[in-house]
Amino acid sequence: GELLTSGGWPDPSPSQSLLREGRAMISALLCDLSAIKNVTVKTIWSARLSSPKIDGVEFIATTGIADERNQFEKLATQADATWFIAPEIDGILTTRQKIVTAVGGRWVGPDSHALEIASDKLQFSQHLENHQIRTVPTRTIRNVEEIEPADFPVVVKPRFGAGSLNVRLVDGTNSPHSLKQLPDSSSEFIVQPLIVGRAISVGVIVRTESSDCDLFPVCEQHLSSDGRFCYLGGQLPANLAGRQDVESAISQLVQQACQSIPGLEGYVGFDLILPDEAPEKPVIVELNPRLTTSYLGYRKITSDNLAERILFPENVVQPIEW
């Protein structure tokens, strides 16, 4: 299932961009799962939303948050595997993982420890630093006034958040990029120095049993230039101008990060920056411990069924053909 389309999202009027991305991801995943032989696919879906027409998929209607949770637990008890997509907000993924584990089910994705590291931007940054893996220096902040003028420009974002929600560029001027105050004073925010460069992402299938991982092609992310870093689509594969040193550095950095986090498993997505001044020294920004929007592009440039490779890692014998 997917949190927004399943009816489990706490806000009755969710962000339309999040809803579009969520619907696109779960629809693609359901198509791929339904194409696997001898696999029965069931998913929960909000009765307020029209469901996509996908052969072989049973849609179970939910009528609200409580009903969605009940249906989720019921299906998790019955299923051989449970796959769930949700933003890294309020510990939602960790909570769902623990529900599935508690009823004796199989959770497709990282375990609770890995989810907690990835969902906490401060903890994730500190984890990478402790393992000498390049990342963006990160610290917590309560008010923009705490930032020293010499530190500008910086990026302020929720410590626990997803996508570009409440992410702002703060440059210390009176431009629209600056903040008089943080968007939600009840939330904990982090501040990071602005690294000027190209935003990229890399999808990975991590196989814990074999300590191995499949790195997908590098995807370039197009972000808005209004200081809010809204996702405007991407290019796959990214044009790295034949820079083998850059490709190798990205691969090495991502593999180091994967190997440093116990319990990281299944499909995850890394967001990175290629600094303009040194693209051969990529920097990891975030880890999305779930299916990402890039999955939509990846599945179109391969004849392999990516969902099948993730669901049945023990059957993998050949590399993905891109």
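## A first look inside this protein chain

In the largest nonpolar core, which has 28 residues, the members that touch the most others are Val 204, Ile 250, Phe 270 and Ile 284. Seven elements each give at least two residues to this core: α5 (112-119), α6 (121-130), β7 (197-207), β8 (212-223), α7 (244-260), β10 and β11. Of these, α7 makes the largest contribution, with six residues. Keep in mind as you explore that this is a predicted model.

**The cores**

- Phe 270 is a good residue to click on, as it is among the core members with the most partners within the core.
- Leaving out residues up to four places away in sequence, Phe 270 touches Phe 124, Ile 200, Ser 201, Val 202, Val 204, Val 254, Ala 257, Cys 258, Ile 284, Glu 286 and Leu 287.
- Another core lies apart from the largest one; it has 26 residues, including Ala 28, Leu 30, Leu 33 and Trp 45.

**The whole chain**

- If you trace the protein chain from end to end, you pass through nine helices and 11 strands.
- A compact globule of 322 residues would have a radius of gyration near 20 Å, and the protein chain agrees with that because its own value is 20 Å.
- Along the principal axes, the C-alpha atoms fill a box of roughly 60 × 45 × 30 Å.
- Among contacts in the protein chain with a separation of 6 or more, 59% join residues that are 24 or more positions apart.

**Inside and outside**

- Buried residues account for 50% of the 322 in the protein chain.
- The exposed area of the protein chain is about 15600 Å², and 47% of it comes from carbon and sulfur atoms.
- The protein chain carries 40 negative and 28 positive side chains, and the centres of these two sets are 4 Å apart.

**A closer look at Pro 279**

- Where does Pro 279 sit? Look in the loop between β10 (266-275) and β11 (283-288).
- Pro 279 counts as partly exposed because its relative accessibility is 22%, and the buried class stops short of that, taking in values under 20%.
- Setting aside neighbours within four places in sequence, Pro 279 is in contact with Arg 243, Val 246 and Leu 274.
- Try finding Leu 128 as well: Pro 279 and Leu 128 are 151 residues apart in sequence, and their C-alpha atoms are 19 Å apart in space.

Key:
Residues numbered from 1 in each chain as written. Predicted model: local features only at pLDDT ≥ 70, side-chain atom pairs only at ≥ 80, totals over all residues. Heavy atoms only, no water. Helix = DSSP H or I, 4+ residues; strand = E, 2+ residues; numbered from the N terminus. Rg over C-alpha atoms; globule rule 2.2 N^0.38 Å. Buried < 20%, exposed > 50% of the residue type's maximum accessible area, 1.4 Å probe, protein only. Contact = heavy atoms within 4.5 Å. Areas by Shrake-Rupley, 256 points an atom, 1.4 Å probe, with all protein chains shown as cover. Lys, Arg positive; Asp, Glu negative; His and termini not counted. Charge placed at Lys NZ, Arg CZ, Asp CG, Glu CD. Core = buried A, V, L, I, M, F, W, Y, C linked by side-chain atoms within 4.5 Å.
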